[in-house]
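Trainee: I would like a close look at one part of this model and at what packs around it. Please choose the part yourself, and spell out each cut-off as you go.

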Amino acid sequence: MSKLFGFAGSDDFCPGESIYENPKEAGLFLSLGRHVDFYFPPSKRSRISSPFVFNQESFKQKKQVSIDVLPEECLFEIFKRLPGGEERSACACVSKRWLTLLSNIHRDEFCNKNTNLYVKSQDEITGMKAEDQEIETCGYLSRSLEGKKATDVRLAAIAVGTASRGGLGKLIIRGSNSTRRVTNLGLKAISHGCPSLRVLSLWNVSSIGDEGLCEIAKRCHLLEKLDLSQCPAISDKSLVAIAASCPNLTDLTLSCSNIGNEGLQAIGRCCPNLKSVSIKNCPLVGDQGIASLVSSASDVLEKVKLQSLTITDVSLAVIGHYGKAVTDLVLTNLPNVCERGFWVMGNGHGLQKLKSFTVTSCQGATDTGLEAVAKGCPNLKQFYLRKCLYVSDNGLVSFCKAAGSLESLHLEECHRITQYGCFGALSNSGAKLKALAFVYCLGLKDLNLGLPVVSPCQSLRSLSIRNCPGFGNSGLAVLGQLCPQLQHVDFSGLEGITDAGFLPLLKSTEAGLVKVNLSGCVNLTDKVVSAMAELHGWTLEVVNLEGCRMISDSGLVAIGENCPLLRDLDISRCAITDFGIASLALADQLFLQILSVSGCSYVSDKSLPALIKMGETLLGLNLQHCNAISSSIVDRLVEQLWRCDILS
């Protein structure tokens with residue numbers, strides 16, 4: 001037989017006996033009968049690469065190795081061939097390693113539509129790829145990470161997961177995880193997977209530097225808005241890269257200690273669509289950077305905000321000359337800018353389109369400087385002046401005379417302004433002034449001297465005098481004569497006014513009051529509320545009486561009977577009881593949407609039926625610090641008034 005089969009050896013290869021002592025064990029390896037005397041080896045190589053272990057009990061195969069042993073290069077090639085975003089997202093969920101690899105694959109590195117890897121037809125593949133590409137580049141999605149949620153792993157997941165769901169268009173990062181901080185690797189993942197990014201905001205992220213921003217600039221060419229605040233590791237290098245690669249940039253906000261003139265100069269040269277600039281607390285930014293930026297973007301720059309910078313009068317002069325398109329200008333805490341800067345800015349005649357101007361804590365804002373600005377800005381409509389101690393009554397009156405288009409005037413903590421300045425501004429403003437506000441102006445107090453006869457301001461609709469402790473009844477009497485067309489009044493915090501001062505103003509107002517805020521006017525009584533409801537009840541929509549301790553149920557009865565349009569009522573910390581709440585509920589023509597009775601200690605559980613009845617229209621109810629209302633009653637209200645937001 002050895003000659004027949006051509007092999008050497010003994011003829012008793014298998015002389016009718018099994019190689020296994022137990023015949024049943026033969027089935028574990030070969031499906032041969034018990035009477036087979038010889039064995040033919042297979043003609044093909046076995047697919048089993050692991051060696052067999054034979055013993056008298058059984059044979060064992062070694063465990064198959066995991067895919068994790070593949071090197072990253074192999075996984076990279078596999079991931080590149082995934083057909084779509086859903087498959088990539090699924091793979092990213094397997095492990096952190098796979099997520100990291102997928103987030104580092106740029107969108108252009110995935111297999112293109114010409115690669116025939118799938119069973120589907122080429123036309124189907126082309127159509128799907130075109131559709132996916134359209135979806136991924138739209139940038140519909142927004143993501144915000146704050147505090148502990150801000151990590152590189154989350155950014156990698158965002159980069160992979162948003163690609164097939166509309167594309168990431170807006171990314172906001174506030175703070176960072178103390179142990180696993182956001183670093184340049186996270187921004188690198190975003191740059192690879194989110195080319196549709198248009199808005200990027202980084203606040204208080206010290207671990208991100210120029211490397212991460214340069215990656216964004218390299219691949220996110222559609223970037224339009226960039227906000228960098230309290231990021232000390234970011235310097236001019238990042239701004240230069242952004243300027244070179246993101247020509248669509250329209251909005252820039254900076255508050256970083258290492259950004260200076262070089263970055264602003266690059267932005268001015270390379271970003272022709274820049275419309276808004278806000279620069280705050282950048283000690284390296286000087287006149288050179290501001291001047292270059294404003295002059296380069298002269299035709300498109302609309303909004304400029306400069307705060308806590310070391311710039312001088314030169315920057316204001318450049319703004320006054322080159323700010324041809326500027327409509328909003330904010331200057332805050334500029335200690336090196338003096339009166340000459342404001343004067344030159346106004347006389348530059350470049351701010352012809354300026355509509356809103358805000359000045360805060362600038363010692364250069366004086367009477368002469370502001371008058372020059374008013375003359376040089378013929379279209380100025382809104383002016384906000386805060387904490388400017390060198391502006392007096394004469395400067396305010398001169399400004400109002402020169403600003404013929406002024407519609408809104410707001411003064412806060414300007415302590416040299418007195419009642420002469422207030423009444424002079426009203427009488428000397430143009431026919432367009434609609435809103436006037438004085439907030440915490442200590443010089444605005446009642447004067448015993450006779451005031452000159454002034455003409456009324458027929459255009460004024462809104463008057464706000466808040467937290468001016470010296471303002472009292474005599475001032476209110478004059479205001480009633482000067483402002484006959486008032487609709488909105490805010491006298492919150494004026495503890496000096498009483499019924500005798502407020503009643504004449506109510507009677508002299510002809511147009512009908514719509515919004516009234518008397519919070520903190522502790523000396524007003526129900527007499528004022530009743531008169532206001534009777535004289536202006538058909539126009540009142542919002543009334544705030546918070547802290548008016550002398551107002552009680554009789555005032556609420558008058559409101560319920562005379563104010564059908566009232567939608568918002570605040571009677572917190574007033575002397576009202578359950579009877580007052582019931583009177584509001586019984587008013588058939590009253591349909592309140594917002595009611596606040598916070599701190600009303602006399603309102604108890606007995607008001608439950610009335611509150612439920614008003615709950616048919618209520619959208620907001622404030623029951624905080626109402627100690628006489630039990631928690632069980634609050635639970636019932638929450639259950640029954642399901643449309644109403646209840647604070648308790």
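Mentor: Let's begin with burial: a residue is buried when its relative accessible area is under 20%, exposed when over 50% and partly exposed in between, using a 1.4 Å probe and protein chains only. On that scale, buried residues make up 49% of the 648 residues in the protein chain. Bear in mind that this is a predicted model, in which local features need pLDDT of at least 70 and side-chain atom pairs count only at pLDDT 80 or more, while totals for chains, interfaces and linings use all residues. Residues are numbered from 1 along each chain as its sequence is written, and side-chain values use heavy atoms, with hydrogens and water left out.

The chain has 23 helices and 20 strands, where helices (H or I, at least four residues) and strands (E, at least two) are DSSP runs numbered from the N terminus. Contact will mean heavy atoms within 4.5 Å. Among the contacts with a separation of 6 or more, 81% join residues 24 or more positions apart.

My choice for the close look is helix H8, residues 210-219. Seven of its ten residues are buried, so H8 is largely enclosed by the rest of the structure. The buried ones are Asp210, Gly212, Leu213, Glu215, Ile216, Ala217 and Arg219. What covers them includes helix H7 (184-193) and helix H9 (236-245), together with strands E3 (199-203) and E4 (225-229).

Let's look at the H7 side. Two packed helices are described by the angle between their axes and the distance between the axes. The axes here are lines fitted to C-alpha atoms, for helices over the stretch in contact, with angles running from 0 to 180 degrees between N-to-C directions. For H7 and H8, the axes come within 8 Å and cross at roughly 5°. The two helices are therefore roughly parallel; that label covers angles under 35 degrees, with over 145 called roughly antiparallel, 65 to 115 roughly perpendicular and the rest oblique. H7 contributes Asn184, Leu187, Lys188, Ile190, Ser191 and His192, which meet Glu211, Gly212, Leu213, Glu215, Ile216 and Arg219 of H8. By class, this contact holds four nonpolar, four polar and four charged residues. Here Ala, Val, Leu, Ile, Met, Phe, Trp, Tyr, Cys and Pro count as nonpolar, Asp, Glu, Lys and Arg as charged, and the others, Gly among them, as polar.

H7 also packs against H6 (residues 152-161): their axes come within 8 Å and cross at roughly 0°. That makes H6 roughly parallel to H7. Asp152, Leu155, Ala156, Ile158 and Ala159 of H6 make the contact with Leu185, Gly186, Leu187, Ala189, Ile190 and Gly193 of H7. This one has eight nonpolar, two polar and one charged residues. Leu187 and Ile190 of H7 also take part in the contact with H8.

Now follow H9, part of the cover of H8, onward along the chain. H9 also helps cover the buried residues of helix H10, alongside strand E5 (251-255), strand E6 (276-280) and helix H11 (287-296). For H10, residues 261-270, seven of the ten residues are buried, so this helix too is largely enclosed by the rest of the structure. Those residues are Asn261, Gly263, Leu264, Gln265, Ala266, Ile267 and Gly268. Asn261 counts as buried at 19% relative accessibility. Leaving out residues up to four places away in sequence, Asn261 touches Asp236, Leu284, Val285, Gly286, Gln288 and Gly289.

One side-chain detail belongs with strand E3, which helps cover H8. The charged end of Arg174 sits over the ring of Trp203, 4.0 Å from its centre. The rule asks for NZ of Lys or CZ of Arg within 6 Å of the ring centre and within 35 degrees of the ring normal.

Further along, Gly320 lies in helix H12 (residues 313-322) and is buried, with a relative accessible area of 0%. Its C-alpha is 4.0 Å from that of Met345, although the two are 25 residues apart in sequence. Beyond its neighbours within four places in sequence, Gly320 is in contact with Met345, Gly348, His349, Gly350 and Leu351.

To come back to your one part: H8 is largely enclosed, with seven of its ten residues buried, and H7 lies roughly parallel to it.
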